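Biologist: Please take a close look at one part of this model for me. I would like to know how its helices pack and where its charged side chains pair up.

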Amino acid sequence: MNYHEYKMIAQFFKALSHPTRFMIVNELLNKKRCVNDIEELLELKQPNISQHLNLLRLLNIVDFMQDGNKKCYFLNNPKLIKDLLIVVKNIKITQAETANNNEIKKTLK
């Protein structure tokens with residue numbers, strides 16, 4: 001890979017590293033959602049959600065379909081996101097196990 005490709009991959013992960021964008025992507029795994037649906041699910045204001053969706057769209061993570069005056073978003077590559085969530089789940093499990101092992105070690109001293 002060249003520098004440009006590494007930079008694009010880093011931008012992809014940087015976009016998903018924000019909790020709000022990560023939650024939006026997770027919600028879009030289930031089905032396409034309009035901005036007002038996401039607003040209700042995440043209890044955030046529409047302008048904030050739109051900013052996050054715009055960044056995700058610029059990075060080709062999501063796209064939208066116009067439904068009247070509503071924009072309904074969907075994932076461009078849901079399989080990739082599902083696979084990433086499996087990795088995230090494994091990281092979460094590993095971190096929990098490490099924390100538990102550290103607590104056990106402290107108790108045994």
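Modeller: What follows starts with one helix pair and moves on to the salt bridges and a histidine. Keep in mind that this model is predicted.

Start with H2 (residues 19-30) and H3 (residues 35-42). Two packed helices are described by the angle between their axes and the distance between the axes. Here the axes come within 11 Å and cross at roughly 115 degrees. The crossing of H2 past H3 is right-handed. On the H2 side, the contact uses Thr20, Met23, Ile24, Glu27 and Leu28. H3 brings Ile38, Leu41 and Leu42. By class, that gives six nonpolar residues, one polar and one charged.

Glu27 also has a charged partner. Its side chain forms a salt bridge with Arg33, at 3.5 Å from N to O. Both Glu27 and Arg33 are buried.

The structure holds two salt bridges. The other pair is Asp83 and Lys79, at 2.9 Å from N to O. These two sit four residues apart in helix H5 (residues 78-108), so about one helical turn separates them. Asp83 is partly exposed, at 35% relative accessible area. Lys79 counts as exposed because its relative accessibility is 55%, over the 50% cut-off.

Now back to Thr20 and Ile24. Both touch His52, as do His18 and Arg21, leaving aside neighbours of His52 within four places in sequence. His52 belongs to helix H4 (residues 46-58). With a relative accessible area of 10%, under the 20% limit, His52 is therefore buried.

Note on methods:
Residues are numbered from 1 along each chain as its sequence is written. This is a predicted model: local features need pLDDT of at least 70, side-chain atom pairs count only at pLDDT 80 or more; totals for chains, interfaces and linings use all residues. Side-chain values use heavy atoms; hydrogens and water are left out. Buried means under 20% relative accessible area, exposed over 50%, partly exposed in between (1.4 Å probe, protein chains only). Contact means heavy atoms within 4.5 Å. Axes are lines fitted to C-alpha atoms, for helices over the stretch in contact, and angles run from 0 to 180 degrees between N-to-C directions. A crossing is left-handed if the near helix is turned anticlockwise from the far one by less than a right angle, and right-handed if clockwise. Ala, Val, Leu, Ile, Met, Phe, Trp, Tyr, Cys and Pro count as nonpolar, Asp, Glu, Lys and Arg as charged, and the others, Gly among them, as polar. A salt bridge is a side-chain nitrogen of Lys or Arg within 4 Å of a carboxyl oxygen of Asp or Glu.
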